[in-house]
Amino acid sequence: YWWRLQSPIGTLARMSDTLMRARAAAQRVVQVLLEPNEITSPAEPKHATSLPAGGIDFENVEFAYIPGSPILQSLTFHIEPGEFVAIAGRSGSGKSTLLQLIPRFYDVQQGSVRVDGVSVCDWELSALRQRMAMVLQDTYLFNSTIRENLLYARLDATEADMIEAATSANAHEFIEALPGGYGTLVGERGVKLSGGQKQRLSLARAFLASPSILLLDEPTSAVEPGSEEMIHQAIVSLSEERTTLLVTHRVGLLKRAGRILFFHNGRLEADSDHATLLETNVHYASAYEEWTLEEELTGRAQSGFSA
């Protein structure tokens, strides 16, 4: 009998250890979930009285994650509804931080950020964020089907709406080629798809959301060369008739932008088109030369690897 009890007792001991570890982990998770949210809706929020236009204003904005170490300084600019604006600068110049201030993921220390003339601090949070779509460098996909990942942007969307959005993002063709089509499981964080495929799904999700304001943070930095041009085309199509802010150092996208905000050391150093910045701003010209060389070297490396 003792010989027969050895295995069950060993199993119970292992289960006890696992349960204790799970309990400790669960307690830490609950602690995080119970932390109060510092960003909340105002007691009397202001709502738009008409269809959202998408105008954006930054006025004397100062922001720092750590007191005494400013990321953005004296930042002032205006973006018209429907305007396509590229945001360029070297790493650490505050480009991604700027995008996160618009949906109010953080509050500024000084100045104001306004959407359609209303400070983001006066908007009801869900109303503010419902009019925006973000496509980030690191695309997040749920461990579910392509269909469910797309419909997350708009739960009431029809099958036709979903297919139209995927087609506009140059994603429908590769989805249909998958064994399960739109029912294909993508795995945790989309592990079963390539970088370009994941990014096109993210753009399709943005198409389906039909936002007034589109925020793009380096959407082509982690994709294979074969997908980049298709993603460029999708971005241009997606940006039509909506306010678009695109953080990028990709040469092709910078040339397509009618306006570029160039940041240097946390300050807006120049605001003009690509050709003018090349002629008038030394820092932009130097950075652009580096980005061009980087793309050429990456292209050669990819070609050599393929060969």
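**Exercise 1. Decide whether Thr-167 in this predicted model is buried, partly exposed or exposed.**

Solution. Start with the number: the relative accessible area of Thr-167 is 44%. Next, bring in the cut-offs: buried means under 20%, exposed means over 50%, and partly exposed sits in between. Thr-167 therefore counts as partly exposed, given its 44%.

Now place the residue. Thr-167 belongs to helix α5, which covers residues 159-168. Then check what its side chain is doing: a polar atom there lies 2.8 Å from the backbone oxygen of Ile-163. Finally, look across the model to Glu-35, which is 132 residues away along the chain. The C-alpha atoms of Glu-35 and Thr-167 are separated by 41 Å.

**Exercise 2. Do the same for Thr-97, then find out which residues it touches.**

Solution. First, the accessibility: Thr-97 comes out at 7%. Buried means under 20%, so Thr-97 with its 7% counts as buried. Second, the location: helix α2 (residues 95-101) holds Thr-97.

Third, the neighbours. Leaving out residues up to four places away in sequence, Thr-97 touches Phe-63, Tyr-65, Ile-71 and Leu-72. Take Tyr-65 from that list: its side chain makes a polar contact with the side chain of Thr-97, at 2.8 Å.

**Exercise 3. Work out which residues of the largest nonpolar core touch the most other members, and which helix gives the most to this core.**

Solution. Begin with the background: in soluble globular proteins, nonpolar side chains tend to be buried together. Here, the largest nonpolar core has 46 residues. Those touching the most other members are Ile-146, Ile-175, Leu-201, Leu-203, Leu-254, Ile-260 and Tyr-284. Helix α7 (residues 195-209) is the top contributor, giving 6 residues.

Zoom in on Tyr-284. Not counting residues up to four places away in sequence, Tyr-284 touches Leu-254, Ile-260, Phe-262, His-274, Leu-277, Leu-278 and Trp-291. There's also a second, separate core: it has 26 residues, including Phe-63, Leu-98, Leu-99 and Leu-261.

**Exercise 4. Describe the largest pocket: its space, its lining and the makeup of that lining.**

Solution. Start with the space, which is about 510 Å³. Then list who is around it: 18 residues line the pocket, and the closest to its centre are Ala-133, Met-134, Tyr-152, Ala-153 and Arg-205. Next, ask where the lining comes from: β6 (132-135) and α7 each supply at least two of its residues. Last, sort the lining by type, which gives 11 nonpolar, 3 polar and 4 charged residues.

**Exercise 5. Compare the phi angles and places of Ser-74 and Arg-189.**

Solution. Take the angles one by one. Ser-74 has phi near 45°, a positive value in a residue other than glycine. Arg-189 has a positive phi too, near 60°, and is likewise not glycine.

Now the places: Ser-74 is in strand β2 (residues 72-79), while Arg-189 is in the loop between α6 (172-177) and α7. As for accessibility, Ser-74 is partly exposed at 43%, and Arg-189 is partly exposed at 34%.

**Exercise 6. Sum up the whole chain: its secondary structure, box and buried share.**

Solution. Count the elements first: there are 11 helices and 10 strands. Then fit the box: the C-alpha atoms fill roughly 90 × 60 × 40 Å along the principal axes. Of the 307 residues, 41% are buried. For the contacts, keep those with a separation of 6 or more; residues 24 or more positions apart account for 70% of them.

Conventions
Residues are numbered from 1 along each chain as its sequence is written. This is a predicted model: local features need pLDDT of at least 70, side-chain atom pairs count only at pLDDT 80 or more; totals for chains, interfaces and linings use all residues. Side-chain values use heavy atoms; hydrogens and water are left out. A nonpolar core is a set of buried Ala, Val, Leu, Ile, Met, Phe, Trp, Tyr and Cys residues joined through side-chain atoms within 4.5 Å. Buried means under 20% relative accessible area, exposed over 50%, partly exposed in between (1.4 Å probe, protein chains only). Helices (H or I, at least four residues) and strands (E, at least two) are DSSP runs, numbered from the N terminus. Contact means heavy atoms within 4.5 Å. A polar contact is a pair of N or O atoms within 3.5 Å; within protein, one must be able to donate a hydrogen and the other to accept it, and residues adjacent in sequence count only if both atoms are side-chain atoms. On a 1 Å grid over the protein atoms alone, a cavity is a set of points where a 1.4 Å probe fits but cannot get out, and a pocket is an open set with protein on both sides within 12 Å along at least five of seven lines; lining residues have an atom within 4 Å of a point. Grid points are joined across faces, edges and corners, and a volume is the space filled by probe spheres set on the points. Ala, Val, Leu, Ile, Met, Phe, Trp, Tyr, Cys and Pro count as nonpolar, Asp, Glu, Lys and Arg as charged, and the others, Gly among them, as polar.
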